[in-house]
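Colleague: I'm new to this one, so could you walk me through it? I'd like to start with the ligand and then see what else is there.

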Amino acid sequence: MSDAIKHECGIALLRLKKPLDFYKQKYGSAFYGIQKMYLLMEKQHNRGQDGAGFASIKMDVKPGQRYISRVRSNQQQPIQDIFKQINERISEELTAHPEYNEDTALMKSQVPYVGEVYLGHVRYGTFGKNSIESVHPFLRQNNWMHRNLIVAGNFNMTNVKELFESLVELGQHPKELADTVTVMEKIGHFLDDEVGELYQDCKNEGLSKEEASPVISERLDVARILRRASKQWDGGYAMAGLFGHGDSFVFRDPAGIRPAYYYEDDEIAVVASERPVIQTTFNVPFEEVKELEPGHAIIIKKDGEVSIREIIPSVGKKACSFERIYFSRGSDAEIYKERKELGKLVLPQVLKAIDNDTDNSVFSYIPNTAETSFFGMVEAAQDFLNDRKNNHILENRETLTEETLKELLSVKIRTEKVAIKDAKLRTFITEDSSRDDLVAHVYDVTYGVIKPEDNLVIIDDSIVRGTTLKMSIIKMMDRLNPKRIVVVSSAPQIRYPDCYGIDMAKLEGLVAFQAALALHKERGTEDIVDEVYKKSKAQENTPDIDVVNYVREFYAPFTDEEISDKIAELLKTEDVKADVKVIFQSVDNLHKACPDNLGDWYFTGDYPTPGGNRVVNRAFINFYEGNDARAY
Ligand SMILES: NC(=O)CC[C@H](N)C(=O)O
């Protein structure tokens, strides 16, 4: 990915089902859980680097003992930072009290972070700022154990403002507008309600208040709380939560937009945003890590019982395809295959752009996420070349000599590592032209591998704004003097904003949008732009369910190729000598390659929740009115 998009978040929930001593005996450490959490989080660091947080719960402690620990950071290396803090704190205790090492129960009662239930989070914000207050997990404290709630999520709701207002209507006074607080308070409200009802039952059964507490924990119906809390949620989410007494859950939205995977055996239950993270941390095979179904929650009760419950009926799975294209680590067995397939499926268009001249073409990629699709593209190019060789041999069967055959077989697909990502260069000079020169050097190139008659084919996983392509990559490639630069996107054109957890909420930033706008200007069809605005404006107060995505009409007059060609024009600065072409995957091929992740709203405008249409509507109004704001 050459464009930096802040996106995603990662969650990790771990429940140790056995007493801590078990892990000490079997794995040699009472810190087993903390170490595994470190791995689960570090191996998801791709999902969030603005902040990281960790919370743990000790079960069955005596009144007066601390049982919830939490640490959060928004420092440069947030995961490292929180584990450094945890480590220092634990070391302090153990240095002062070496006897804890011998007694796990004592250690648990005295040393922070040592517990049975853990929740970790890595964050890229999609709402609000990057202050430490916005870093998950969020904590809602209470003197009743089961009313304590800790929440972290990979999510974005399209209707946070309405959710916030409905809390106010309930008589609440939320102390922040952070979306996570809003969601947490919703759960908290119904938790309180549930506890109230259960207490009434206990009272009717003749239990004292003290006796009622553990019974309430046991009977707490987490699925019911989630069902009631999520009634008005419109968005993509994998919400994770812990209750003070030890119950925990992860709940996935009814379209399965955000991912969640889990694994369970008799020692642990674990949930994470990506499958291979669980595979590698606990050394379990692919098949044993399950995907949480859309609209379902995994609920882990304090007694260790794990259940998968339907919370909201699924509206049809529309899992985010961007997870497959770019966000998730490519070490997932399926994702790896899918990315290769994306590279393979885009090749016919590439061949067209280079007039089938593979002999005078060098294939390369933008590091690192496009590497896998590059392998797929090259394998397909090799197949193409082999076919050509076959045909040639069959046609010239009579005249072939050993020498000509040898020569023929020596022809290969030329692949090179051309683009190199350099360390972030600080733009210390603010004067425009010097700054542009520095920006150009964000990528560097390998010299000496391109001939002047060559096509240089370079694949990227996707093109969002195109800024780095324009300001750096294409300029640097041009220094190698190729005849033509073909930029290939393994994903289709990004035309619409995201509102489900990727921070891509403004239309005017998208290069496909800029291209369509330029085409309207060029062809004098700006009345369509005005028309789309008028229609958008007219439905500003329409209920979400009835809002129509009129932004489609903005793109409708143009073919995909016309937009691609215009993008190429926009990305080619005056100084660039080579011919520049840009190629995008088709949406059909995307679905072919990633058949289980059909969520494609950023490419097609088909939003899987009603709130999506409101967001795209608002995004267009924002663009037209020059309002530089997120559309949710
Ligand atoms: N990327 C995400 O999932 C972000 C989570 C949440 N919306 C936040 O901004 O904190």
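**Cavities, ligand and backbone**

Modeller: Before the ligand, a word on the largest cavity, keeping in mind that this is a predicted model: the residues that line the largest cavity divide into five nonpolar, three polar and eight charged.

Colleague: OK, how many cavities of 30 Å³ or more are there in the whole structure?

Modeller: A search of the whole structure finds two of them, and the largest has a volume of about 100 Å³. Its lining is made of 16 residues, and those closest to its centre are Pro-259, Tyr-261, Arg-324, Ser-328 and Ile-335. The elements that give two or more residues to this lining are helix 9 (275–282) and helix 10 (321–327).

Colleague: And which cavity is the space taken by the ligand?

Modeller: The ligand takes the space of the second largest cavity. Two elements give two or more residues to the shell around the ligand, namely strand 6 (149–157) and helix 6 (179–204), and strand 6 gives the most, with four residues.

Colleague: Which residues are the closest to the ligand?

Modeller: The shell around the ligand holds 15 residues, and the closest of them are Glu-8, Cys-9, Arg-123, His-136 and Asp-179. Sorted by class, the shell has four nonpolar, eight polar and three charged residues.

Colleague: What lies 2.9 Å from a nitrogen atom of the ligand?

Modeller: That is a polar side-chain atom of Thr-126. The backbone takes part as well: a polar backbone atom of Gly-501 is 3.4 Å from a nitrogen atom of the ligand, while a backbone N or O atom of Phe-155 lies 2.8 Å from an oxygen atom of the ligand.

Colleague: How much of the ligand's accessible area does the protein cover?

Modeller: On its own the ligand has 290 Å² of accessible area, and the protein covers 100% of it.

Colleague: Switching to pockets, how much space lies in the second largest pocket?

Modeller: About 1100 Å³ of space lies in that pocket, and 37 residues line it, with Val-61, Lys-62, Gln-65, Tyr-67 and Met-145 nearest its centre. The elements that give two or more residues to the lining of the second largest pocket are strand 3 (68–73), helix 3 (78–96), helix 4 (104–110) and helix 7 (209–219).

Colleague: Which element gives the most to that lining?

Modeller: Helix 7 does, with five residues. By class, the lining of the second largest pocket has ten nonpolar, 13 polar and 14 charged residues.

Colleague: Let's turn to the backbone. Which residues does a cis peptide bond join?

Modeller: One cis peptide bond joins His-136 and Pro-137, with omega at about -10 degrees, and His-136 is also among the residues closest to the ligand. Pro-137 has its place in the loop between strand 4 (117–123) and strand 5 (138–140). Another cis peptide bond joins Pro-367 and Asn-368, where omega is about -5 degrees, and Asn-368 lies in the loop between strand 14 (361–365) and helix 12 (371–395).

Colleague: Which residue has a positive phi although it is not a glycine?

Modeller: Asp-60 has a positive phi, of about 55 degrees.

Colleague: And where is the place of Asp-60?

Modeller: Asp-60 is in the loop between strand 2 (51–57) and strand 3, and strand 3 is one of the elements that give two or more residues to the lining of the second largest pocket.

Conventions:
Residues are numbered from 1 along each chain as its sequence is written. This is a predicted model: local features need pLDDT of at least 70, side-chain atom pairs count only at pLDDT 80 or more; totals for chains, interfaces and linings use all residues. Side-chain values use heavy atoms; hydrogens and water are left out. A residue is near a molecule or strand if one of its heavy atoms lies within 4 Å of it. A polar contact is a pair of N or O atoms within 3.5 Å; within protein, one must be able to donate a hydrogen and the other to accept it, and residues adjacent in sequence count only if both atoms are side-chain atoms. Accessible areas come from the Shrake-Rupley method with a 1.4 Å probe; for residues, only the protein chains shown count as cover. On a 1 Å grid over the protein atoms alone, a cavity is a set of points where a 1.4 Å probe fits but cannot get out, and a pocket is an open set with protein on both sides within 12 Å along at least five of seven lines; lining residues have an atom within 4 Å of a point. A molecule sits in a cavity or pocket if more than half of its atoms lie within 2 Å of its grid points. Ala, Val, Leu, Ile, Met, Phe, Trp, Tyr, Cys and Pro count as nonpolar, Asp, Glu, Lys and Arg as charged, and the others, Gly among them, as polar. Grid points are joined across faces, edges and corners, and a volume is the space filled by probe spheres set on the points.
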